Structure formats: structure tokens, C-alpha cells
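Colleague: I'd like to learn how to read a protein model feature by feature. Could you walk me through one?

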Amino acid sequence: MMRAAEGPILLTARWVVGHENGRHCLYENGEVVFEGNRIVYVGHRYPGPVARRHDYGRAVIGPGFVDLDALSDLDTTILGFDNSPAWRKGRIWPDTYMKRGPYEMYTPAELAFQKRYAFAQLIRNGITTALPIASLFYRVWGETRDEFLSAADAAGELGLRVYLGPAYRSGHTYVDGEGKIRCHYDEARGMAGLADAVAFCDEIEGRHDGRVRAMLSPDRIETCTPGLLRASAAAARERGIPIRLHCCQSRLEYDLVLEQHGMSPPEWLQSLDFLSERALLPHGTYVSGSRHIDRPGNDIEIIRDAGASIVHCPLVSGRHGATLESFARYRKLGVNIGMGTDTWPPDMVLNMQIGMMLCRVADGTTEAVRSEDYYDAATVGGADALGRPDLGRLAVGAKADIVVFDFSHDRNGQMIDPIQTLMVSGSGRDVSQVIIDGRFVMVDGHIPGFDARLAQEQAQAQFDGLVARYPDRTWGHPPADQIFSSSYPRPARSPS
């Protein structure tokens, strides 16, 4: 990681995304100057001396993306992409596995590796602030202090800005012998997980020059008891830290909450005093008034009035046949929307592109949403959800979290507007330089100390080991080749 030289550093490119009067603006052949970890100038013709200058040519310089649901796992969503229903394919524990005793499917070393590997992928895609998410399907119960201390060290080493908190829960769904989905709860275990998470938050807040911050991360709404949610909200309120809870993301979840509590997920959270400006809620796709939920209600208005934020993850939602209905409607209602990746690839640009398409399809018009609306969500929307006016924008006094998109390649086509080009033909692969907190953490596509080829080999070997153990935690315990289908027949190899 390159530390900034003494004195101001000036960056220039064909386009610079600045920030004035409360919104982004575009400087053609613009300049960004930072000193230490702060932006000191954005515009044209910086009047002062500089210690160093970088001209990136046909490129776009913009603020780093804020990822409120950042993939920090291996690519396990590929396992369910063409293999359903989830309860038959190992995405929900069978009672036989639960009674025998769940076990960790990753070693501590593998957990440490996957966080570092995933954090590097986030940086490579222009994500400078991340709130990690990983699946608990493969865990004994919840995440641990030790693995998240390792995650804090990995983020510190790579230079990523993170909010960290081990996921905890008081229950889970399981499949009984007849193939019915049921719930198991252990209130004491959930409260112990919260206590450990709170202790971790108090331990790591502000590490690595303030780039490592704390958050609370109860797992999913249907895995939490009322007591756990009330206590979690109180702990977040006392510390003034974000609290993230996955909700309104599936019909199963919505129906379970309605059956158990007689209220929709947002109604239930409101009754528990859980919702506030600190609450981050992925994914918000199954709500009253949507095509998925025919129950009348005002779920979105409840979230808006509490000041909570929807975390929009269009790529993973679209893969499962769902979307916000719609991004444009939520914005018009005044809901703050941030973005998350949640799945592989952790490409924020791809998520914005898919989100735009799904919104236009949902609303039946190209006028429903514009490119800048999604770019706002991926930058200032995420920063505002965290209460961080110093992130998600290139403005004087903001943190020097800067990303350069190299548009010198012919694959990007012609350009009339940099943000529109990003939405039409851009990719996370176009990111060439990443600066976080004034440090060059990626230069010309290379992250110092991270060997992408060797890391990919290790990730694949770890993934193969996970797949081999999948029958243990799949209903009926079929062999792996029956759990995971093949796109085409695979003829047996001929004898040599």
C-alpha cells in the first residue's frame, strides 16, 4: 500500500465527479486534489503547488462506492443458481443434520482467508467502504470474535474501510422428515451472541486510523426473537452505531413473521422499536402492495417514517426472480436507498446496471429511472445511511476515498456522458486505481501484497471442499451430483 507523499496530490482525468450544492456534478478535464486523508480541492486549475500529479487520460475519477451488504464469502450463491427448491438443495438444514450436531464447514484459517480474499475483490471493484456479509448456512451457529478480529486485521492490511460486527441469531429454520419447514429457537444462545457482538464492537471501534468501525448484525428477521431484536436496537442506540437486519427478502420469511406475530416484518420491527435512522434493511423486495405480497399495508412508509434505509441488492434479487417495486417508487416516497453487492461478482457497476433494467421493466418505462439515480444510491445513499457526510462524495473536507475508471479500452464504446457510459458498458473490471483514506491501495489494477492468481487457486480448493460436504447438510443426504445439476450431460472420460 502506497502512502501519500508529503504535500498535496493532484489527480486529473477526462471526467471528474465532484459534489456541489448537495449533489454530484461533472467536471470535464477536471482535477481532484487531496492532502493526507482529505479532499482539499475539486474543479479546474488548482491554484496551489502539488507534491505529485497523476493524469489518467480517458478516465472517470469519482468517489468510492459504499457497499452496505458487501460479499465477504466465497461464491456460494452459484450453488443455488440453477438448483432449487432451496430446502431440498442444502440451503436449509434438515432435522437429521441439526440433531446430529452442526459443525463448522470452514476452518479458522479458511475463514480468515475468505475475508481477505473477498476484501481484495471489493477493492478491485471500486468499493472503498464495506459492511461485510457472509452466509451462516455453513456455520455451527453464528460468527465469532476471533474471526472478526482477523477480518479487522485483513481490512487494515489491505486498506479497506469497513464496518464490522459478527452475525448472531436466536434461531433458524429447518426441514423436518416430512419436508416441512419449521423453526427452532434458542433465546439464551441468541442473547449470548449479542453480548459477544457488543463486546467486539467496543473492542475494535476506531482501529486502523478510524477505518475500522463497529456495527451490529443480527442475521435475518425470521431467525431473531423479539427480545433479541429489542436488545440489539438498544445496544446500537446506546453506541450510535449502524444495525443491519435482512428482512422483506422472501415469501417464506414474510409468511413466518406474519404467522408468528400477526404483523408484517416492518410492522413487527416498528412494534419492537427496532427501526431508526441507524437501521439498514436488505433487501426490501417482499412488501405490502408488491406482486409478491397481496396483503394490504404500508410497509414502505413505515420504513421511511422511521428514517431507516433500504439496502438494494438488485443482482442477487434478480437472480431469484425478485426486485424492488420499484426503486423509482421508493425514492419518490422519500425512502433512503443504499446499495449492496451480496453475491458474486461483487461488482457495484453490474448491480447498478441490473437495477436500472429491473426498475424500467417493473415500471414499464425508460423514464422511471436515470443513471445518476443509481450512482447516487451507490455513493451518497450509502454514506447517508451510515451518517457519514464525509464519504460517497468528492468535496472539500471529505475523506480521500477515490476510484478511477479507465475508459481507454474500446469495449467501453463511445462516450457522451461518463455516468451513462458506466451504466451502459462499464464494469468493475474497468477500475484501475483505488485510493482509500489518502492511501493508494490499488495501482494499475494491482493490490500490493495480494497475488490474485494464487488466491483464486486457494479459493477454488476451499470451495471444492465445501461442496464435498454438502450432502451432510442437505435433506435426504443425496450425493453432491444429485444436489447440483449440470448444464449439459458430462460423458465419462474414455480410458487412456
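Modeller: Happy to; we will go through helix packing, some single residues and the backbone in this predicted model.

Colleague: Let's begin with helices. What describes two packed helices?

Modeller: Two things do: the angle between their axes and the distance between the axes. Take helix 11, residues 348-363, against helix 12. Their axes are 10 Å apart and the packing angle is about 135°.

Colleague: How should I class the orientation of helix 11 and helix 12?

Modeller: Angles of 65 to 115 degrees count as roughly perpendicular and those over 145 as roughly antiparallel. The angle here is about 135°, so helix 11 and helix 12 are oblique to each other. As for handedness, helix 11 passes helix 12 in a right-handed crossing. From helix 11, the contact involves Met348, Met352, Gly355, Met356 and Cys359, and helix 12 contributes Ser371, Tyr374, Tyr375 and Ala378. Sorted by class, that contact holds seven nonpolar residues, two polar ones and no charged ones.

Colleague: And how does helix 11 pack with helix 13?

Modeller: Helix 13 covers residues 418-425, and its axis is 8 Å from that of helix 11, at an angle of about 85°. Since 65 to 115 degrees is the perpendicular range, helix 11 and helix 13 are therefore roughly perpendicular. On the helix 11 side you will find Val349, Met352, Gln353 and Met356, which meet Leu422, Met423, Val424 and Ser425 in helix 13. This contact divides into six nonpolar and two polar residues, with no charged ones. Met352 and Met356 are worth selecting in your viewer: they belong to the contact with helix 12 and also to the one with helix 13.

Colleague: Which charged residues would I meet if I looked at helix 2 and helix 14?

Modeller: Let's start with the geometry again. Helix 2, residues 108-124, packs against helix 14 at about 130°, with the axes 11 Å apart. That angle makes helix 2 oblique to helix 14. The crossing of helix 2 over helix 14 is left-handed. Helix 2 brings Glu110, Phe113, Gln114, Tyr117 and Arg124, while helix 14 brings Ala452, Ala455, Gln456, Gln458, Ala459 and Gln462. The class count is five nonpolar, four polar and two charged; the charged residues are Glu110 and Arg124.

Colleague: Now single residues. Is threonine 379 buried or exposed?

Modeller: The idea is to compare relative accessibility with a cut-off: under 20% is buried and over 50% is exposed. Threonine 379, in helix 12, has 0% relative accessibility, so this residue is buried. A polar atom of its side chain lies 2.7 Å from the backbone oxygen of tyrosine 375. Beyond its neighbours within four places in sequence, threonine 379 is in contact with His24, Pro63, Gly64, Phe65, Val66 and Gly392.

Colleague: Where does glycine 387 sit, by comparison?

Modeller: Glycine 387 is in the loop between helix 12 and strand 19. Its relative accessible area is 54%, and because the exposed class starts over 50%, glycine 387 is exposed. Its C-alpha is 9.8 Å from that of glycine 240, although the two are 147 residues apart in sequence.

Colleague: What about glutamate 20 in strand 1?

Modeller: Glutamate 20 has 42% relative accessibility, so it is partly exposed. Leaving out residues up to four places away in sequence, glutamate 20 touches Cys25 and Tyr27.

Colleague: Last topic: what should I look for in the backbone?

Modeller: Start from the usual pattern: most residues other than glycine have a negative phi, and most peptide bonds are trans. Histidine 208 has a positive phi of about 55° and lies in the loop between helix 4 and strand 13. Histidine 477 also has a positive phi of about 55°, in the loop between helix 14 and helix 15. At 30% relative accessibility, histidine 208 is partly exposed; histidine 477, at 32%, is partly exposed too.

Colleague: Which residues are joined by cis peptide bonds?

Modeller: One such bond joins serine 84 and proline 85, with omega about 0°. Another joins glutamate 325 and serine 326, where omega is about -5°. Proline 85 is in the loop between strand 6 and strand 7, and serine 326 is in the loop between helix 9 and helix 10.

Key:
Residues numbered from 1 in each chain as written. Predicted model: local features only at pLDDT ≥ 70, side-chain atom pairs only at ≥ 80, totals over all residues. Heavy atoms only, no water. Helix = DSSP H or I, 4+ residues; strand = E, 2+ residues; numbered from the N terminus. Buried < 20%, exposed > 50% of the residue type's maximum accessible area, 1.4 Å probe, protein only. Polar contact = N/O pair within 3.5 Å; in protein donor to acceptor, adjacent residues only side chain to side chain. Contact = heavy atoms within 4.5 Å. Axes fitted to C-alpha atoms, helices over the stretch in contact; angles between N-to-C directions. Parallel < 35°, antiparallel > 145°, perpendicular 65-115°, else oblique. Left-handed = near helix turned anticlockwise from the far one by under 90°.
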